[in-house]
Protein chains: 2
Amino acid sequence: MAQLLIKNIHMTDGRRKDILIEEGIFSEIEDPGTIRIETDRVIDGREHIAMPGLCNTHNHAAMTLLRGIGDDLDLKRWLKERIWPLEARMKMEHIKAGMELACLEMIRSGTTLFNDMYFMESDCVPFVDRMGIRAVLGEGFIDAYDEHLEKEKRAETEKAINACNSCSSGRVRPAVAPHSVYTVSEEGLRWCRDTADRYGCPIHVHLSETEKEVKDCIREHGSTPVRYLERTGLLGPDVIGAHCVHLTDRDISIMKRCGVKISHNPMSNMKLSVGGAFPMKSLMEKGVTVTLGTDGAASNNSLDMFQTMKISALISKQRYGVTSIGAKSVLEMATRTGYLSLGSDGGKIEVGRLADLILLDRNHHSLVPGNDHISDIVYSCSGSAVRYSIIGGEIVMDNGMVHREDDIIEDARKMASDLLSGDRRSQ
Amino acid sequence: MAQLLIKNIHMTDGRRKDILIEEGIFSEIEDPGTIRIETDRVIDGREHIAMPGLCNTHNHAAMTLLRGIGDDLDLKRWLKERIWPLEARMKMEHIKAGMELACLEMIRSGTTLFNDMYFMESDCVPFVDRMGIRAVLGEGFIDAYDEHLEKEKRAETEKAINACNSCSSGRVRPAVAPHSVYTVSEEGLRWCRDTADRYGCPIHVHLSETEKEVKDCIREHGSTPVRYLERTGLLGPDVIGAHCVHLTDRDISIMKRCGVKISHNPMSNMKLSVGGAFPMKSLMEKGVTVTLGTDGAASNNSLDMFQTMKISALISKQRYGVTSIGAKSVLEMATRTGYLSLGSDGGKIEVGRLADLILLDRNHHSLVPGNDHISDIVYSCSGSAVRYSIIGGEIVMDNGMVHREDDIIEDARKMASDLLSGDRRSQ
């Protein structure tokens, strides 16, 4: 869609505006009635509130297919007895079904850009692109210290990068995604850095998620995961570290110095009981960039970023006091900061930026009476208030309707049942 | 409605059933096609999942009108500068608007019974009753150690009890609601106990919410709030204590011995940074009854009990480990245990029980693929998946429609604006 005009929309600061989008970019934002232009499509904004689209910086999207499986088992049994056997049997049709369901869920709940790490990402590019959502896809790189496997993963990573770079809409872009310090060899990590430099794409890595990860790393490499990754040369301003719960002060200084971005995943951290406490205060004081992520649906179990915003704020308030963080900072983390950390100039409704925005139903009970829109967005609202999702100027959710929704739901149910029936057969 | 048949509904255990409701009670629950009866209304359950209605055991419902005001201020400034001045100016039309908005929000998000403590409750009875939701209303009893005020509050409490007892539908019932140990005199507390006994209604009280409350109580009365309330004779199996975060082992033993029920309010505890940590593990081990509540919208800011279920589980997992609590226990707390703690025989879809149930859209993305309905309900879903709310056999939300919704939304906005413009005038 070349031109789109949103008229008379409520902005989060309480003002009303007309917003003109041209060629995927915000081209004019003016007082109501000022923009006089005939456009292909006009949205009446009188009953909606506009906000930037949300950026989910850590996901394993296709895991929606495994949602609700073995939730209350301890981590070891959950992975060994339920998740890994199922993942080992996943074929492309399962990944596709899970990925499409995840995209549907993210679109419905206001996410316009997500950062993914999983398997068969190269094959996912056309499905993700068809959904209209913006994505950074990284093929999960796990070599398990095995030379043969490392070679295989190198090829798969490059294949995924090329697939993303061939996406003609430009919405799907690549990342290099070394899984973690405990699943990737030092050689593998160095190759990941070189590859990221070669292709100019970000690096997505799990980092200091559990105490065990930190202890094991100190035992094996003589330093914390952050220090170890710095030594291997992996760290840099293009790195998104997911979780980053167990950090020393020195780790935090290193991350600041290297410009590493953090994806904070409060729901998953709580649910998987990773221990410790995310050091929000120190990170904010030191000026380390914090963005927000949901983690995969198998460990959250929702991809709703509104929930993640609220709990990020509440966890911080619980630990450091009511005034330690405000709704505005959290909203910034989930929008502009997320976008910038993935090298994307969106996350803000401003002339010249990517036209990724969502429109909330201002008559949704959670946004009423509407004393403070930003507070309502962070503390009261959920993704269900989203009525329009507009990504690069394309209307991806149109007054509550997402293209192909029924087929996606049916396919997800069919593929999950297929996967689980294989699980039962093998038991 | 005398008779209602729900056909072919998905139950949370994966089975399919026909459910017949007669005179507000579940009268038959049978395999599909077994119940052959002509009823006034049939609901096709093929695309829905049935679960018991949720019970919110701690609310200040009318505070929805104050949602989002001064959220990120510290507690003292929030109360003194924003909330109290506004509350002092609240008239019946504000309370009505807030109460109706709260009822709408609760109905939409699956709550079928709530326990309330606020002002002007006697006047609220007809509005709440008209909404069709079940409620226990307690006039907030604060005497501030003032004899004159105590007399006034006695009269208001009895007025509210009589108003509730006159509610012809039987859905609205009374409670006695001494606010807390720090706002009610010993004499006031004794009167509350006598009055609860005299009218046979439950007692709703804030209890050990903050460390300050506990410390002050020890200084003034020589014991913790729980021990102090036991001494005054207030405690008993008809008491719902809200929050109960700062408890000693002895407090827990006393609560167990007296049969006191707890309303756990995790969202509000985090947001208001009450400190400490809710002792879920000890309470469960000792067998103290734990139910769930949202607290008022000014301190949560959502009345969605699905969110409260999820965070109750996640907080427990974070603190005590993944296996410390399961989705099934949390769901039980939010349904059957809540109902029983308020003396109501609902919260379970079983022949002979109150027909309070909700139907979820099984095609809502958060319930797909549907590997485990109970897990999806607790960890993935939000109130937005609710399509039908049936309370005492009456359809209160009908395929997503709630009666008078537009008027309630408009009135809430108008009354909040009226209240806040008074606030601005007086500043």
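This briefing covers the relation between chain A and chain B, their interface, and one helix pair within chain B. The model is predicted. A turn of 180 degrees with a shift of 0.0 Å along the axis lays chain B on chain A with an RMSD of 0.0 Å. That is the relation of a two-fold axis.

**Symmetry**
- In chain B, the C-alpha nearest the axis belongs to B:Ser384, at 3.1 Å from it.
- Both copies use the same surface, since 100% of the contact residues of chain B recur in chain A.

**Interface of chain B with chain A**
- The contact involves 48 residues of chain B and 48 residues of chain A.
- Helix 2, helix 9 (266-271), helix 11 (305-320), helix 13 (373-380) and helix 14 (405-426) of chain B each supply at least two residues of the side that touches chain A.
- Helix 14 of chain B gives the most to this side, with 5 residues.
- By residue class, the side of chain B that touches chain A holds 20 nonpolar, 17 polar and 11 charged residues.

**Helix 2 and helix 3 of chain B**
- The axes of helix 2 (residues 92-108) and helix 3 (residues 121-131) of chain B come within 10 Å and cross at roughly 30 degrees.
- Angles under 35 degrees count as roughly parallel, and the two helices of chain B are therefore roughly parallel to each other.
- The crossing of helix 2 and helix 3 of chain B is right-handed.
- Helix 2 of chain B makes the contact through B:Met92, B:Ile95, B:Lys96, B:Met99, B:Glu100, B:Cys103 and B:Ile107, and helix 3 of chain B through B:Asp123, B:Cys124, B:Phe127, B:Val128 and B:Met131.
- The residues of this contact divide into 9 nonpolar, no polar and 3 charged.

Key
Residues are numbered from 1 along each chain as its sequence is written. Chains are lettered from A and ligands numbered from 1 in the order in which they are written. This is a predicted model: local features need pLDDT of at least 70, side-chain atom pairs count only at pLDDT 80 or more; totals for chains, interfaces and linings use all residues. Axes are lines fitted to C-alpha atoms, for helices over the stretch in contact, and angles run from 0 to 180 degrees between N-to-C directions. Helices (H or I, at least four residues) and strands (E, at least two) are DSSP runs, numbered from the N terminus. Angles under 35 degrees count as roughly parallel, over 145 as roughly antiparallel, 65 to 115 as roughly perpendicular and the rest as oblique. A crossing is left-handed if the near helix is turned anticlockwise from the far one by less than a right angle, and right-handed if clockwise. Two residues are in contact if their C-beta atoms, placed from the backbone, lie within 7 Å. Ala, Val, Leu, Ile, Met, Phe, Trp, Tyr, Cys and Pro count as nonpolar, Asp, Glu, Lys and Arg as charged, and the others, Gly among them, as polar. Copies are superposed by least squares on the C-alpha atoms of residues with pLDDT of at least 70 in both.
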